[in-house]
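Open the model in your viewer and have the selection tool ready. The tour goes stop by stop, from rings to metal to core.

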Amino acid sequence: MNKFHKLESRVTVPIYEKIAPTTRSHLTKVKTEKLYKYYKCDYCGDEIRIEKKKQEMTGGIVILPHTLTKRGELKLAVCNKCLRSILKEFEEVKQ
Ligand SMILES: [Zn+2]
């Protein structure tokens with residue numbers, strides 16, 4: 001068992017929305033502005049901004065096959081700098 005165990009019951013990877021700080025004008029009109037959407041890295045918690053061009057993203061969704069997790073497919077939001085550590089962790093579990 002590893003720390004991704006709790007993620008197995010998760011059906012989809014949550015998408016978060018970054019919202020700009022609300023600016024209250026003198027007309028008492030509160031305007032919320034959506035800035036961008038992002039995933040949260042399941043390993044370090046960093047934001048992974050969702051871009052139209054996938055190659056510009058700092059990470060993405062990784063699907064680990066059940067041959068690696070031993071318990072079924074596991075979807076993870078992973079930033080580029082954590083990808084290697086996560087794969088290593090599963091490799092170690094396998095042995
Ligand atoms: Zn990360």
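Two rings of Phe, Tyr or Trp count as an aromatic pair if their centres lie within 6.5 Å. By that rule, the structure holds two aromatic pairs. Keep in mind that this is a predicted model.

**Stop 1: the stacked tyrosines**

Select Tyr16 and Tyr38. Their rings form a stacked pair, 5.5 Å from centre to centre, with 25° between the planes. Now colour by secondary structure. Tyr16 lies in strand β1 (residues 16-19), and Tyr38 lies in strand β4 (residues 34-40). The two are 22 residues apart, so the pair links distant parts of the chain.

Turn on the surface. Are these two rings' residues buried or exposed? Tyr38 is buried because its relative accessibility is 10%, under the 20% cut-off. Tyr16 comes out at 30%, so this residue is partly exposed.

**Stop 2: the rest of the cluster**

Add Tyr36 to the selection. Tyr16, Tyr36 and Tyr38 make up one aromatic cluster. Next, show two basic side chains. Which ring does the charged end of Lys40 sit over? That ring belongs to Tyr16, and its centre is 4.6 Å away. Then pick Arg49. Its charged end sits over the ring of Tyr36, 3.9 Å from the centre.

**Stop 3: the zinc site**

Select the zinc ion and show its ligands. Four SG atoms coordinate the zinc ion at 2.3 Å, from Cys41, Cys44, Cys79 and Cys82. Check the angles among the four donor atoms: they run from 103 to 115°, and the site is tetrahedral. Along the sequence, the donor residues follow the spacing C-x2-C-x34-C-x2-C.

Compare two of the donors on the surface. Cys41 has a relative accessibility of 4%, so Cys41 counts as buried. Cys44 has a relative accessible area of 36%, which means Cys44 is partly exposed.

**Stop 4: the nonpolar core**

Hide the surface. The largest nonpolar core has 17 residues. Which of them touch the most other members? Select Phe4, Ile48, Leu74, Leu76, Ile86 and Phe90. Two elements to highlight here are β7 (74-79) and α2 (80-94), each supplying at least two residues of this core. The largest share, five residues, comes from β7.

Finish by centring on Leu76. Leaving out residues up to four places away in sequence, Leu76 touches a set of residues including Phe4, Leu7, Val13, Ile61, Val62, Leu64 and Ile86. Polar or charged neighbours to look for in that contact list are Arg10 and Asp42.

Terms used: Residues numbered from 1 in each chain as written. Predicted model: local features only at pLDDT ≥ 70, side-chain atom pairs only at ≥ 80, totals over all residues. Heavy atoms only, no water. Donors = N, O, S within 2.8 Å, 3.2 Å for Na, K, Ca; no water. Tetrahedral: all angles 85-135°; square planar, octahedral: opposite > 155°, others 65-115°. Buried < 20%, exposed > 50% of the residue type's maximum accessible area, 1.4 Å probe, protein only. Core = buried A, V, L, I, M, F, W, Y, C linked by side-chain atoms within 4.5 Å. Helix = DSSP H or I, 4+ residues; strand = E, 2+ residues; numbered from the N terminus. Contact = heavy atoms within 4.5 Å. Phe/Tyr/Trp six-rings, centres within 6.5 Å; stacked < 30°, edge-to-face > 60°. Lys NZ or Arg CZ within 6 Å of the ring centre and 35° of its normal.
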